[in-house]
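Student: I would like to take a close look at one part of this protein and then see how the rest is arranged. Please go step by step.

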Amino acid sequence: MRLSQGSFVTRRETPSVADTRGTEMLLRAGFIRQLGSGLYAMLPPMTRVLHRLEALIRREMDGAAQEVSFPMLQPAALWQQSGRWDAYTRADGIMFAVTDRGGRELALAPPTRKSP
């Protein structure tokens, strides 16, 4: 299939929503599309790039390291036990929490941040 026949759309103009040069380039090249403030959808070209990058990393790690996958939704008790619950909710309000039908609090695992 030719690229011109797909849903791959590029832009010539600079998107007004782009806050960084990288975001601007990804939007213009058709790798991502903005859904809302700070929310972006990965389009097929970006998905392909990520899959190829994952394959490269897995190939390099083979035999030297182990891949680990953690759940994104975690019990709040784990965060409260370590004292990180208050640190995340008070510091900058980035903790996203929900309550399940059983009344248990669950939290969306926050992104890892680099230490200053």
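Student: Where in the protein is the place of Phe96?

Tutor: Phe96 is placed in strand S4, which covers residues 96–99. Keep in mind that the model is predicted. Phe96 has a relative accessible area of 48%. Buried would require a value under 20%, and exposed a value over 50%, so Phe96 counts as partly exposed. Setting aside neighbours within four places in sequence, the contacts of Phe96 are Leu106, Ala107 and Leu108. For a distance to another part of the chain, take Leu73: it is 23 residues away from Phe96 along the chain, and their C-alpha atoms are 9.6 Å apart.

Now place that strand in the whole. The protein has four helices and five strands, and along the sequence they follow the pattern α-β-β-α-β-α-α-β-β. Of its 116 residues, 15% count as buried. Among contacts between residues at least 6 apart in sequence, 20% join residues at least 24 apart.

Helix H1 is a useful example of how burial is arranged. This helix spans residues 21–29, and its buried residues are Thr23, Glu24 and Leu27. Those three lie on the same side of H1, because they cover an arc of only 100 degrees around the axis. An α-helix has 3.6 residues a turn, so residues three or four places apart point the same way. The buried residues of H1 pack against S1 and against strand S2, residues 39–42.

Thr23 shows this packing in detail. It lies in H1, and with a relative accessible area of 15%, under the 20% limit, Thr23 is therefore buried. Leaving out residues up to four places away in sequence, Thr23 touches Ala18, Ile32 and Tyr40.

Gly38 gives the opposite case. It sits in the loop between S1 and S2, and it counts as exposed because its relative accessibility is 58%, which is over 50%. Ala18, one of the residues that Thr23 touches, is 20 residues from Gly38 in sequence, with 9.7 Å between their C-alpha atoms.

Two glycines come after helices. Gly30 follows H1 and has a positive phi, near 85 degrees. Gly63 follows helix H2, and its phi is also positive, near 85 degrees. H2 itself runs over residues 44–61, which makes 18 residues. From its first C-alpha to its last, H2 reaches 26 Å, close to the 26 Å expected at 1.5 Å a residue.

Some of these residues return in the second largest pocket, whose volume is about 160 Å³. Among the residues that line this pocket are Leu27, Gly30 and Ile32. Leu27 is also one of the buried residues of H1, Gly30 is the residue that follows that helix, and Ile32 is one of the residues touched by Thr23. Others in the lining include Val9, Arg11, Pro15, Ser16, Val17, Arg33, Gln34 and Leu43. Strand S1, residues 32–36, supplies the largest share of the lining, three residues. By type, the lining divides into six nonpolar, three polar and two charged residues.

Methods: Residues are numbered from 1 along each chain as its sequence is written. This is a predicted model: local features need pLDDT of at least 70, side-chain atom pairs count only at pLDDT 80 or more; totals for chains, interfaces and linings use all residues. Side-chain values use heavy atoms; hydrogens and water are left out. On a 1 Å grid over the protein atoms alone, a cavity is a set of points where a 1.4 Å probe fits but cannot get out, and a pocket is an open set with protein on both sides within 12 Å along at least five of seven lines; lining residues have an atom within 4 Å of a point. Grid points are joined across faces, edges and corners, and a volume is the space filled by probe spheres set on the points. Ala, Val, Leu, Ile, Met, Phe, Trp, Tyr, Cys and Pro count as nonpolar, Asp, Glu, Lys and Arg as charged, and the others, Gly among them, as polar. Buried means under 20% relative accessible area, exposed over 50%, partly exposed in between (1.4 Å probe, protein chains only). The arc is that of the directions from the helix axis to the C-beta atoms. Contact means heavy atoms within 4.5 Å. The expected span of a helix is 1.5 Å times one less than its number of residues.
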